[in-house]
Amino acid sequence: MADDLEKLKDLTAQQAFGMTKAEAVAQGLCIQCRQPPRFYSDAGRQEYRISGLCEYCFDEITKEPD
């Protein structure tokens, strides 16, 4: 079951961003902006390891709508 979830996460990331989280991290890139990841906190560094998103892109995705 956990393997199925990982496959679904990889497929979703591939469709949304054109690469998986593992591919982005292996290349040293943010999965969204495709730049070297930028952080301003330890929480941002941890999030990058979880999602492949740099802290700035994560903040943009999760911000409250205007």
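Start by selecting Cys 30, which counts as buried at 0% relative accessibility. As you look around, keep in mind that this is a predicted model.

Stay with Cys 30 and find the closest cysteine sulfur, which belongs to Cys 57. The two sulfurs are 3.7 Å apart, too far for a bond, because a disulfide needs a pair of cysteine sulfur atoms within 2.5 Å. Now add Cys 33 to your selection: the cysteine sulfur nearest to its own is that of Cys 30, 3.7 Å away, and Cys 33 is in no disulfide either. In fact, a search of the whole structure turns up zero disulfides. Is Cys 33 buried, exposed or partly exposed? Cys 33 is partly exposed, with a relative accessible area of 26%.

Next, select Arg 34 and look at its backbone. Arg 34 is not a glycine, yet it has a positive phi of about 60°. Where does this residue lie? Follow the chain and you will find Arg 34 in the loop between helix 2 (21–27) and helix 3 (42–51). Show the surface here, and note that Arg 34 is partly exposed, with 38% relative accessible area.

For the last stop, go to helix 1, which covers residues 2–17, and pick out Leu 11 there. Leu 11 is partly exposed, its relative accessible area being 46%. Which residues join Leu 11 in a nonpolar surface patch? Select Leu 5 and Leu 8 as well: together with Leu 11 they make a patch of about 290 Å². Colour these three leucines on the surface to see the patch they form.

Note on methods
Residues are numbered from 1 along each chain as its sequence is written. This is a predicted model: local features need pLDDT of at least 70, side-chain atom pairs count only at pLDDT 80 or more; totals for chains, interfaces and linings use all residues. Side-chain values use heavy atoms; hydrogens and water are left out. Buried means under 20% relative accessible area, exposed over 50%, partly exposed in between (1.4 Å probe, protein chains only). Patches are made of residues with over 30% relative accessible area and no salt bridge: like charges are joined within 9 Å, nonpolar side chains (Val, Leu, Ile, Met, Phe, Trp, Tyr) within 5 Å. Accessible areas come from the Shrake-Rupley method with a 1.4 Å probe; for residues, only the protein chains shown count as cover. A salt bridge is a side-chain nitrogen of Lys or Arg within 4 Å of a carboxyl oxygen of Asp or Glu. Helices (H or I, at least four residues) and strands (E, at least two) are DSSP runs, numbered from the N terminus.
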